[in-house]
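Welcome! Let us walk through this protein together, one part at a time. Keep the picture at hand as you read.

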Amino acid sequence: MKVGFIGLGIMGRPMAKNLLKAGHELTVYDINESAVKDLASSGARTAGSCKEAAAGNEVIVTMLPNSPHVKEAVLGPGGVLEGAEAGSILVDMSSIAPLVSKEVAEAAAKQSVVMLDAPVSGGEPKAIDGTLAIMVGGPEEAFEQVKDLLGVMGASVTLVGEIGSGNMAKLANQIMVASNIAGMSEALVLAAKAGVNPETVFKAVRSGLAQSTVLDAKAPMVLEGNFKAGFRIELHIKDLQNALDTASELSVPTPMSSSIIDMMKELQGDGKGADDHGGLIQYYEKWAKAQARS
Ligand code: NAD
């Protein structure tokens with residue numbers, strides 16, 4: 001397919017490379033020129049704006065940090081909607097507020113561009129392997145047209161419901177991941193302070209009921225004191241803020257998300273916003289005056 005791809009960061013760059021490897025024709029754009037050059041050396045055409053990246057393509061993919069970036073790239077001057085042809089499909093794979101997905105989709109529809117929101121879970125390793133979990137919201141007809149394209153980037157591609165539902169599923173995912181990391185951190189620091197080896201605790205519980213993908217991915221990292229991002233604390237703050245805003249509009253209580261976002265903000269204030277979200281354990285270590293790492 002002819003694809004415009006906008007946003008070549010930690011996630012977008014390997015995702016775009018996988019589309020190229022699968023034989024799709026890509027035109028790429030990012031405000032970061034070195035990312036664009038890297039994709040050009042892998043065989044992509046380059047564009048000088050979001051408008052140019054959108055023009056002449058059947059599908060336009062965006063993989064940007066948050067709601068304001070998507071609004072600017074799609075609705076702003078020189079944006080996607082100035083270049084996109086009627087009948088093209090905009091697939092926003094960024095994790096943004098579900099309400100903003102609806103707002104952008106309404107603006108796109110006025111120009112006969114159909115939008116799907118299709119955020120992902122799995123982080124950089126799965127973006128590289130093409131094994132992301134992709135959660136999609138939007139019309140089924142458009143979903144069917146891009147399902148195989150998304151399948152190049154993901155191991156699972158699920159149509160969750162109408163526009164915004166992909167991001168609603170992603171917010172649910174982010175609440176569960178944050179709660180898992182917080183639970184793991186609380187438990188391992190408590191063990192350390194009690195004089196019990198946290199690594200042995202991890203080995204003892206990992207095949208019991210507390211077993212989880214999060215525990216298996218993050219415990220070895222935090223036990224080594226390795227907080228090199230994968231997924232940055234500041235991006236998780238963004239997702240939890242989107243969850244809190246959505247919950248507030250729907251009058252749903254979110255005590256766990258509220259507590260965890262406060263811990264993450266404290267770490268951000270300590271200059272650790274760019275650490276991996278597994279670095280949340282440092283909040284507990286600071287206040288317990290005990291370290292889980294060996
Ligand atoms: P990133 O910050 O590494 O990449 C974002 C890219 O967008 C950057 O290269 C930036 O230059 C570009 N950009 C920003 N504004 C732009 C604009 N107006 N026009 C063109 N390019 C622009 O972020 P990332 O880690 O790749 O994450 C992207 C999205 O995926 C986020 O919503 C994030 O929450 C989500 N996500 C990330 C991970 C992860 O592990 N990193 C995992 C799942 C989902």
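## Around the ligand

Sorted by class, the shell around the ligand holds 13 nonpolar, 8 polar and 6 charged residues. Keep in mind that this is a predicted model. There are 27 residues around the ligand, and those that come nearest are Ile-10, Met-11, Asp-30, Pro-65 and Lys-238.

Now look at some individual atoms. A polar backbone atom of Met-11 is 2.9 Å from an oxygen atom of the ligand. For Pro-65, a polar backbone atom is 2.8 Å from a ligand oxygen. Ser-95 also takes part, with a backbone N or O atom 3.0 Å from an oxygen atom of the ligand. How much of the ligand does the protein bury? On its own the ligand would expose 840 Å², and the protein buries 91% of that. Three elements give two or more residues to the shell: α4 (67–75), α7 (123–129) and α12.

## Helix α12

Let us follow one of those elements. Helix α12 runs over residues 233–250, which makes 18 residues. From its first C-alpha to its last it reaches 26 Å, close to the 26 Å expected at 1.5 Å a residue.

Which residues of α12 are buried? They are Ile-233, His-236, Ile-237, Lys-238, Asp-239, Leu-240, Asn-242, Ala-243, Leu-244, Thr-246 and Ala-247. You met Lys-238 above, among the residues that come nearest to the ligand. The buried residues of α12 pack against three other helices, namely α6 (98–109), α9 (165–193) and α13 (255–269).

## A closer look at Asn-242

Asn-242 is part of helix α12. Is Asn-242 buried or exposed? Asn-242 counts as buried because its relative accessibility is 8%, and buried means under 20%.

The side chain of Asn-242 makes a polar contact of 3.4 Å with the side chain of Asn-66. If you set aside neighbours within four places in sequence, Asn-242 is in contact with Asn-66, Ser-95, Ile-96, Ala-97 and Leu-171. Ser-95 is a residue you have already seen, with a backbone N or O atom 3.0 Å from a ligand oxygen.

## Tyr-29 in strand β2

Next, turn to strand β2 (residues 25–29), where Tyr-29 is found. Tyr-29 has a relative accessibility of 17%, so this residue counts as buried too.

Leaving out neighbours within four places in sequence, the contacts of Tyr-29 are Phe-5, Ile-6, Gly-7, Leu-8, Val-36, Ala-47, Gly-48, Ser-49, Cys-50 and Ala-53. How far apart are Tyr-29 and Gly-12 in space? Their C-alpha atoms are 11 Å apart, while in sequence the two residues are 17 places from each other.

## Two residues with positive phi

Finally, here is something to look for in the backbone. Most residues other than glycine have a negative phi. Ser-251 has a positive phi of about 55°, although it is not a glycine. You can find Ser-251 just after α12, in the loop between α12 and α13. Ser-251 counts as exposed because its relative accessibility is 65%, and exposed means over 50%.

Lys-289 is another residue other than glycine with a positive phi, here near 50°. Look for Lys-289 in the segment after α14 (281–288). With a relative accessibility of 70%, Lys-289 therefore counts as exposed.

Key
Residues numbered from 1 in each chain as written. Predicted model: local features only at pLDDT ≥ 70, side-chain atom pairs only at ≥ 80, totals over all residues. Heavy atoms only, no water. Helix = DSSP H or I, 4+ residues; strand = E, 2+ residues; numbered from the N terminus. Expected span 1.5 Å × (residues − 1). Buried < 20%, exposed > 50% of the residue type's maximum accessible area, 1.4 Å probe, protein only. Contact = heavy atoms within 4.5 Å. Near = heavy atom within 4 Å. Polar contact = N/O pair within 3.5 Å; in protein donor to acceptor, adjacent residues only side chain to side chain. Areas by Shrake-Rupley, 256 points an atom, 1.4 Å probe, with all protein chains shown as cover. Nonpolar A, V, L, I, M, F, W, Y, C, P; charged D, E, K, R; others polar.
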